[in-house]
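User: I am new to this structure and would like to be led through it by questions and answers. Please begin with any term that I shall need.

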Amino acid sequence: MTLHQKELLDNVLKMMDYSGEEDVLKSDCDIDIYLLDNCEITVPEINRFMVAVDCRAIREIVLRERFYAAKSTIRDPAYADGMAAKLYFGTYDFGHTSACWEDVIDLGIYGLRQRIDRYRDRAGNDPHKQRFYREITRVYDAALRFIARAAKKARDEGRTEMADGLDHLTKGAPSTLYEALQTVILYYYLQQYFDGTLLRTLGRLDTLLLPFYKKADKAIVPQMLLDFMQEIDRIRAAANMPFALGGTDEQGNDLINELSYLLLETYRKAGTNCTKLHLLISKNTPRDIVENALDAVREGNNSIVFMDDGRVIKSLELLGEEHRDAVNYHVVGCYECGANGEITCSCGTRMNLAKALEMALFSGVDLLTGKQIGLANDGVFPTFDDLFSEYLRQVKYAVDCGIYCTDLCEENYGMLHAAPIFSATYVSALENGGDLYCDHSAKYPNSSVDAIGLATATDSLAAIRKLVYEDKSLTLDELKAILKNNWEGQEVLRLTVKNKFPKYGMGDKKTDDLAKKTVDALAAQVNGHPNKKGGIYRLGLFSIDWRWKFGSLTGASADGRLSGETVSQNTGATFGADRNGATAHLLSVAYLDGTRTPNGAIVDLDLHSSAVRGENGLNAMTASLYTFLDLGGFCIHYNVLDTETLKKAKDNPEAYPNLQVRLCGWNVLFSSLSEKEKEEFIARSESAGMSA
Amino acid sequence: MKGLVSGIKRMEIHDGDGLRTTVFLKGCPLKCIWCHNPESISFSVQTAYFKEKCLHCGTCGDKHTAETALSCPVNAIVTYGTEYEAYELVETVMQDEAFFRAGNGGVTLSGGECLAQPDFAVELARLFHEKRISVYIDTCGFVPRETLKRILPYTDKFLYDVKAVDPAVHRACTGQDNAIIIDNLRFLSKMGAAIEIRIPLVVGYNDMEIPAIADLLKDIPCISKVKVLKYHNFAASRYEALGMENTLPPALTTSEDVQKAVDILASRGLNAVNGVTSD
Ligand code: SF4
Ligand code: SF4
């Protein structure tokens, strides 16, 4: 931290009130304004659109302080053990948002400021609302002062293009492609660094920018887009910074346009690490852009996610969201979809399916700590169905607990965080005259639950069914003793279960049914469950990098997994269990109901580079994608792995500084992985190569 | 109708056009020294023992049989040869029907020599054909004319191996004469069958045959493509595991050698394709 940053932080912390009675909206507005007026502005040589500021990270510290101040209110000690054991987890989430980008681009910061006045004038005398308008107006005035300051700084340094653009944005909406792109980055700064609300998508850039593109001099566009994408990437957003291409409009027309191709081409050229692409595929998406994106994946750009537009829309409509909002959805973060006007709080609640099975087997007692964290039972399960019902009962309990913990946080958002800059982009916030977080003013103020370790739990259930109830080679008590001992002295049995037993991901209905029933039960419980904000919960099935932590706290499981090993990733098969190859793997995943997981359900398909080589390789990849989506898949991501390259990169990281793999929800530099993670990737590529 | 299958490989892109499933039928009348599927030469069930995988857990009592293969926890014992009813195999393969349709693919019967189990192969081809699934037959051509006649109506394309023209070279490399093979190729061509030729290039063994192969092929109509495949010796551990004498030549063939062969074939007007770069 520089001296100036330190000073900013000290002053910000002094502005806070730790009494527990803090007026968070007011004090966050004060903080926003203080930072906007006092941050230091520099103009990096390399930037074309935007200056740099030094207030990064300050907002995170503010949130942390608020969390500690509110802890006794938002955390219930009765749930501490279950949370610590990662049977469930419930927390706040201010991190997965999309601005209403149409309005940001349409109006610019200046126009957003003017719009507040109109809502204020219409709102009558409601003091609560009037106060909200007053507060956010103060912030937007400060934002305009900040832009003017940035413009002046740019001008002082002889950066005419940047200065002219910023000057224009202090008094009007963007009018050129340059200014539109500048607005995207500018808004990103405002929300992320000043408002402290993580922005996790740039929106559907091809649709948003099309009107500006049409008016632009085509000769200068490619370079401008490239500069833009690289500048975005240099921001080094926490996690990744996605943008989307495609989707459909209300009438069902596909939205891929000329600019979509150009943006994809730019993306392929840009060599970025942080920027990620969601391709929203409808029935009418031109095949060539899909192939083009798959070709990019094949060449090592693995940060492209392929989503089924129709299924996303359906899943949002099933939540009761209006068609026009569902169609105009955004994908925040990795794969979480939210309707227009929806705050998804997509990462608030998590639960561990593998641990829930542990609860069923051990009467709610944590294998690792001996603490009672789940529901007790008598341990008698005459049939497999009895055990399966008990598992579902424990799943339900864990979800309930996670939701309870999230509810505690969410009903107290007023103690934690306000987002004045972000709120002004939502018409519902303006209409309701309240902050998106403090006042839950979004049209859909929703929350989410993610269930983790689906394949681990499913494989374990399948193994118990076979060992105890079908082959009867062990009693349940004997199996429990083995798990308690972490398979010690039972290596032959463990490997037999691991290598020879049926698994989720082999396209075998009998096993896949267990996964399907689990997901159906989760969906029935979660989707539509009311939250404390006037909204509902939504289900997701992604595990991202949580799977390591969740696995480390889960005892040995009946699928042959040792205590502490990672649980399975996202909706995919346990690593190594996709013994029948990629198509079988996809058949298993597509068997799950893809319309009930609006919060995201992704499979990571590992393919060896030799399996996707040449024209026919691309054809096969494309076919696998379309078939998966046709059969009911929600979203897919490909890892094209080449064992040799990964091995070399492990031994000699300096030689491969830019090699990326997709670890979980986002792509990471291979060189940044732990040795354990690197080894897992190499093993995965070998197993993909084996079936190639 | 039952047959013996040594393996099934899904989402295959190297055995013909589009996204395919390759079914390997067990047993082959040739015995190529470079055979990359040694487990598919014999017509009977075989058990292989991969000692580098073995844990020495004692479960098998050091007996490596089809029985003990079932209980080896790490699949160090592998049985090659599963008996399938034709309809049963078709059902298994049809799980991927949607993928075949989207990927303009289908099924490839390979081996071994799939036509060395003629009744089974014909029945499979017929059943797939009935379901409008594209059927490719990967054959070494060393089969009775009668079998070709029977399979022809259900075959969308033959992937036809040509290894050498000089009978002495052919005998040295495969153990058999090639007169029947060349004859059968001419026959299929005359029948108007779609044919893709595949030449495994093994430097030091059949690379000098390329000009003669080119001359042979250039006068045979109906050949849509000639693909040159680069020899590798990845199968070495399987020879050992099967207890077979490892006849594999050293892997000297380079991508440049393949391209040279392609150039020679192309210079005779053939649609020659480099198997290294094309897939
Ligand atoms: S059962 Fe398998 S691992 Fe065990 S000794 Fe026999 S071959 Fe080796
Ligand atoms: S024809 Fe094919 S399967 Fe038969 S021995 Fe030769 S290489 Fe092996």
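Analyst: In what follows, Lys and Arg count as positive and Asp and Glu as negative, while His and the chain ends are not counted. The model under discussion is a predicted one.

User: How far apart are the mean positions of the positive and negative charges of chain A?

Analyst: Chain A carries 78 positive and 98 negative charges. When each set is reduced to its mean position, the distance between the two positions is 1 Å.

User: How far apart do the centres of the two sets of charged side chains lie in chain B?

Analyst: Chain B has 29 positive side chains and 35 negative ones. The centres of these two sets are separated by 2 Å.

User: What radius of gyration does chain A have, and does it agree or disagree with that of a compact globule?

Analyst: Chain A has 692 residues, and for that number a compact globule would have a radius of gyration near 26 Å. Along the principal axes, the C-alpha atoms of chain A fill a box of roughly 80 × 60 × 50 Å. The radius of gyration of chain A agrees with the globule value, being 25 Å.

User: What is the corresponding radius of gyration of chain B?

Analyst: The C-alpha trace of chain B spans about 60 × 45 × 35 Å along its principal axes. A compact globule of 279 residues would have a radius of gyration near 19 Å. Chain B agrees with this expectation, with a value of 19 Å.

User: How many helices and strands does chain A have, and what share of its residues counts as buried?

Analyst: The secondary structure of chain A comprises 27 helices and 17 strands. Its contacts with a separation of 6 or more are accounted for to 76% by residues 24 or more positions apart. The exposed area of chain A is about 23,500 Å², with 51% supplied by carbon and sulfur atoms. Of its 692 residues, the share that counts as buried is 64%.

User: What share of the residues of chain B counts as buried?

Analyst: Chain B contains 11 helices and 11 strands. Among its contacts between residues at least 6 apart in sequence, 70% join residues at least 24 apart. Chain B exposes about 11,500 Å², and carbon and sulfur atoms supply 53% of that area. The buried share of its 279 residues is 54%.

User: What area is buried between chain A and chain B?

Analyst: The size of an interface is often given as the accessible area lost when the parts come together. Here the contact takes 29 residues from chain A and 29 residues from chain B. Carbon and sulfur atoms give 60% of the area buried between chain A and chain B, which is about 2,100 Å².

User: Which residues of chain A lose the most area to chain B?

Analyst: Three residues of chain A stand out on this count, together giving 25% of what that side buries. They are A:K500, A:T583 and A:N616.

User: Is A:D325 buried or exposed?

Analyst: A:D325 lies in helix α14, which covers residues 323-327 of chain A. Beyond its neighbours within four places in sequence, A:D325 is in contact with A:A339, A:N340, A:K443 and A:Y444. Of these, A:N340 is 15 residues away in sequence and 4.6 Å away in space, C-alpha to C-alpha. Because its relative accessible area is 4%, A:D325 counts as buried.

User: Where does A:D288 lie, and how is its exposure classed?

Analyst: The place of A:D288 is in helix α12, residues 287-298 of chain A. Its C-alpha is 9.4 Å from that of A:Y261, a residue 27 positions away in sequence. Since partly exposed covers values between 20% and 50%, the relative accessible area of 42% makes A:D288 partly exposed.

User: Which residues does the cis peptide bond with omega of about 15° join?

Analyst: One partner, B:G112, is found in the loop between β6 (106-110) and α4 (118-130) of chain B. The cis bond joins B:G111 and B:G112.

User: What is the phi of A:K86?

Analyst: A:K86 sits in the loop between α4 (80-84) and β3 (88-90) of chain A, and it counts as buried at 13% relative accessibility. It is a residue other than glycine, yet its phi is positive, near 60°.

User: What is the phi of A:H440?

Analyst: A:H440 is found in the loop between α18 (427-432) and β11 (444-445) of chain A. With a relative accessible area of 16%, A:H440 is buried. Although A:H440 is not a glycine, its phi is positive, about 50°.

Technical notes: Residues numbered from 1 in each chain as written. Chains lettered and ligands numbered in written order. Heavy atoms only, no water. Helix = DSSP H or I, 4+ residues; strand = E, 2+ residues; numbered from the N terminus. Rg over C-alpha atoms; globule rule 2.2 N^0.38 Å. Buried < 20%, exposed > 50% of the residue type's maximum accessible area, 1.4 Å probe, protein only. Contact = heavy atoms within 4.5 Å. Areas by Shrake-Rupley, 256 points an atom, 1.4 Å probe, with all protein chains shown as cover. Charge placed at Lys NZ, Arg CZ, Asp CG, Glu CD. Buried area = accessible area lost by both parts, 1.4 Å probe.
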